[in-house]
Amino acid sequence: MTEKLVFRFEEGSKDDRARLGGKGANLAEMTKVGLPVPPGFTVSAQACNIYNSLGQILPDGLEDTIWSEVAALEQRLGKRFGDQENPLLVSVRSGAAVSMPGMMDTILNLGLNPETTEALGRKAGRRFALDCHRRFIQMFGNVVLRMEHSAFETILASVRESAGVEHDHQLGEGELERVIARYLELVRRQTGRAFPEQPREQLMLAVRAVFDSWENPRAKVYRRINQIPDSLGTAVNVQAMVFGNLSPTSGTGVLFTRNPNTGEKVLYGEYLTQAQGEDVVAGIRTPKPIGVLGQEIPAAYAEVERIAELLEKHYGDMQDIEFTIEDGKLYLLQTRSGKRSARAAVKVAVDLVHEGRIDKAEAIRRVTPEQIDQLLHRGVDPDASNEVLAKGLPASPGAATGRITFDADTAEALGRVGEKVILVRPETAPDDIHGIVLAQGVLTSRGGMTCHAAIVARGMGKPCIVGCEALRVDLVRKEMQVAGRTFKEDDIISIDGATGRVFLGAIGMVEPQIGGETAELLGWADDFRRLGVMANADTPEDAERARGFGATGVGLCRTEHMFMAQDRLPVVQEMILAESEEDRRLALARLLPMQEGDFYGILKAMQGFPVTIRLLDPPLHEFLPDVEELAVDIAVMRAKDEQGSEAYRRKSDLLRKARALSEFNPMLGFRGCRLGLIYPEIYEMQARAVYQAAARLIAEGVDARPEVMIPLVGDPKELEITRRLVVQVHDEVQRERGQELPLKVGTMLEIPRACLLAYDIAEHADFFSFGTNDLTQTTFGFSRDDAEAKFLTRYLDDKILPQNPFAVLDQAGVGQLVELGVARGRSRKPELKVGICGEHGGEPSSIAFCHRIGLNYVSCSPYRVPIARLAAARAALAD
């Protein structure tokens, strides 16, 4: 073995996390500082990676090096491994570079067998020694021999019951002897071999088991959820044992230097006397608040307070400390930056700045965008005990309670009279928008994280769970089956969009934790970031909400959402059914004041900032009823001899037009600027509505800044013609009103050809906005909904793709096109304003990419604006 793979605690420091793991690095650091740390050594994470790369074979020479370090420990402590007079016992713990609490494995009291147990008993008491032995067998059996923990617990509970005691520490020597005997018999019965009694064999099996724990299911799931690389590996920490179960003045505990729920600067933790480390978290005994330690073992508590303050000052962050007290003497077993709630993360970061321990830049680094996200949504009360009915994909965070309803019309009607409802569907469609608006949350049995329900709910800040496959939703019977029960309309359920859980009945909620510290932190972020943060907003309410969250404009206003309103849909359908331009213009004239009113409200709400209004984009058939539903309705009317009715005639016209407009691939069909080129009167009406609204506001002294965006351009000529139309309308309104009106016309780059031709397209554009949702579809050749329903999950599981490209920007492919489009556009117009307005505009790693390639802004849903502000600042600080 040429590479050094084993390090004594004295040889490392807190900067050696990659090599020693977080636990090993912090043990080394505390040793270096002179704190009371039991001595030991760390087998590096590199050894774990070599072990796994060799097919679970230890690197050459590693075992000899480990025994050399054990010998050094023996000499230092005056004890010998396996000695029958004064035995050395050790703990074996895992420790990756990134904290993974509870995901991997620990073994205590290693080195015990019948002989060393008797030797320990002669020195420290036989009951204590027997207790250590039974604990060791249980942990070793679970971690190394891969036996179920519950099998040991069943035996222990049986002996407690027969002894008439409630807790383990109340068992006497005789009972503990019976526990040990039954444990050893259990091992022999389940594994087919005797329990390993040789300490040397125990240690090497334990080291291998810790390496193996890197690949256990818990660890894999945790890494996937937290995006921790599989390549890190785990270190192994071998440390001399200290015993919290030795005497009444011994104990073990865990404490945080600040409250991890609120961030308050007060010691927060628990401890147990006469216990070992796992007892505090196992729940078998009720731990005591850390403050009580001051009454039971005052000297140890005073030392805990001193060391807690010292460690927080040394690391500059709230610490999570594990300690053991042996006969009144305090020992530290671990310190690490403490896991904390989103609320606490913000408060601790801001408080540490005010205390002069960190600067503002470091405070921004300490708070993640995901934590800001959690603060923006109501959450489920962690103390709630409601039954969990099912679990789906957590598509939009937040929590909601309401009566089940199965259609959008009912959701809208009930919502308008103040009823709280959860819209439950197999999936949602664009014409469900009115029901989603007034529902408290959305639950679907199908769909992925970027399906319609997910995108719309996320944009509205509504809780949403999608892909909840345990649900069976019957829209005809209006019932939902789950967990062996049938739920009907008006039954009450609750959903938690942050975790994907569906609960029975109403559940307790906690309100968003947005306070002074959050506003202060985001203000600091604004000082560091270079990217502008705008919002996708389709209503004045959205615009006001976005502005309140700190948006500096609207980067995408989708006019088609306005057309979906129930009072407008019939007029839109009339426009679609028109057989001539003249009839179409009559319908558009009725829509004009409605659109003007929409734009007036949004421009007024966002006064002083730009509002980018995208002209009509989706195919016209989306505004018509479903073909199959129409055909069924018509068949029913025929059966009733209603062919002569006006309703029959209208439905027949709708069916004919819907069939005429139906397409094999609507996403690539008659939509976007193609609509404006074939039916220019549609874009003409929308442009007039924009500029008339702006003219009214300017006349009122409001600083209105509209920008018009042409969708789905793939050729310079398309933009040239549609821009000319918009400019013509702008000039007409300007003359009619006698006012100078702002004029900015740009385009949305959503197909690869547009990125390739960006140099020529830029000639006709005042700005570019990359629509990365459709650009991802057209680059991959994926239909988003089909991909998520059919194969994308498998692609992610098999690591064909690292992440869902509809949630996280595909920088290798789509990102190249964006970067190319930016470069070519700015080579024609160096000052060209460029941003993105897809779902990716609120995703932190995508925002960092946008920062790196020099975009001017990102645009996201109002509820993601604070997230984007922080992510943009973190991207700037990472330069």
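**Stop 1: the second largest pocket**

Select helix α4, residues 114–124. In this predicted model, α4 gives the most to the lining of the second largest pocket, with 3 residues. Now add strand β4, residues 87–88. Both α4 and β4 supply at least two residues of that lining. The pocket has a volume of about 370 Å³. Its lining counts 20 residues, and the closest to the centre are K79, M241, V242, F243 and E326. Colour the lining by class: 16 residues are nonpolar, 1 is polar and 3 are charged.

**Stop 2: A129**

Next, select α5, residues 126–143, and pick out A129 in this helix. Is A129 buried or exposed? A129 is buried, because its relative accessible area is 0%, and buried means under 20%. Leave aside residues up to four places away in sequence, and A129 touches T117, L120 and G121. Draw a distance to N109 as well. A129 and N109 are 20 residues apart in sequence, and their C-alpha atoms are 9.8 Å apart.

**Stop 3: the largest cavity**

Select β5 (90–96) and β7 (234–240) together. Each supplies at least two residues of the lining of the largest cavity. That cavity has a volume of about 90 Å³. The count of cavities of 30 Å³ or more comes to 4.

Which residues line the largest cavity? Show these as sticks:

- S91, R93 and L108, among the lining residues
- Q239, A240, M241, V242 and G244, also among them
- Q276, G277, T324 and L333, which belong to the lining too

By class, the lining splits into 5 nonpolar, 6 polar and 1 charged residues. Keep M241 and V242 highlighted. They line this cavity, and they are also among the residues closest to the centre of the second largest pocket.

**Stop 4: an open sheet**

T324 leads to the next stop. Select T324 and T252: T324, in β11, is the bridge partner of T252. Extend the selection to β8 (residues 251–256) and β11 (residues 319–326). These two strands pair in the antiparallel sense over 6 bridges.

Now show the whole sheet. It is open and has 5 strands, in the order β10-β9-β8-β11-β12, with antiparallel pairing. Which strands sit at the edges? They are β10 (288–289) and β12 (329–337), each paired on one side only. Add helix α12, residues 298–315, which packs on the sheet. Helix α12 touches β8, β11 and β12. The direction of α12 makes about 30° with that of β12.

**Stop 5: a closed barrel**

Move on to the strands from β26 to β33. They form a closed barrel of 8 strands with parallel pairing, running β26-β27-β28-β29-β30-β31-β32-β33. From one strand to the next, the twist averages 30°.

Start with β26, residues 532–536. It runs parallel to β27, and 2 bridges join them. Pick A535 and V554 to see a pair: V554, in β27, is the bridge partner of A535. How many residues of β27 (residues 554–558) are buried? The count is 5 of its 5 residues, so the strand is mostly covered.

Then go round to β30 (residues 745–749) and β31 (residues 767–770). They pair in the parallel sense over 3 bridges. Here T747 has F768 of β31 as its bridge partner.

**Stop 6: L832**

F768 points the way to L832, which touches it. Select L832 in the loop between α34 (814–828) and β32 (833–836). L832 counts as buried, because its relative accessible area is 3%. Residues up to four places away in sequence aside, L832 touches A762, A765, D766, F767, F768, G825, R826 and N856. Now draw a line from L832 to E622. They are 210 residues apart in sequence and 34 Å apart in space, C-alpha to C-alpha.

**Last stop: the whole protein**

Clear the selection and zoom out. The C-alpha atoms fill a box of roughly 105 × 65 × 50 Å, taken along the principal axes. The secondary structure comes to 36 helices and 33 strands. Of the 879 residues, 56% count as buried. Finally, show contacts between residues at least 6 apart in sequence: 69% of these join residues at least 24 apart.

Technical notes
Residues numbered from 1 in each chain as written. Predicted model: local features only at pLDDT ≥ 70, side-chain atom pairs only at ≥ 80, totals over all residues. Heavy atoms only, no water. Pairing = 2+ DSSP bridges. Helix = DSSP H or I, 4+ residues; strand = E, 2+ residues; numbered from the N terminus. Contact = heavy atoms within 4.5 Å. Axes fitted to C-alpha atoms, helices over the stretch in contact; angles between N-to-C directions. 1 Å grid on protein atoms, 1.4 Å probe; cavity = no way out; pocket = protein on both sides within 12 Å on 5 of 7 lines; lining within 4 Å. Points joined across faces, edges and corners; volume = space filled by probe spheres on them. Nonpolar A, V, L, I, M, F, W, Y, C, P; charged D, E, K, R; others polar. Buried < 20%, exposed > 50% of the residue type's maximum accessible area, 1.4 Å probe, protein only.
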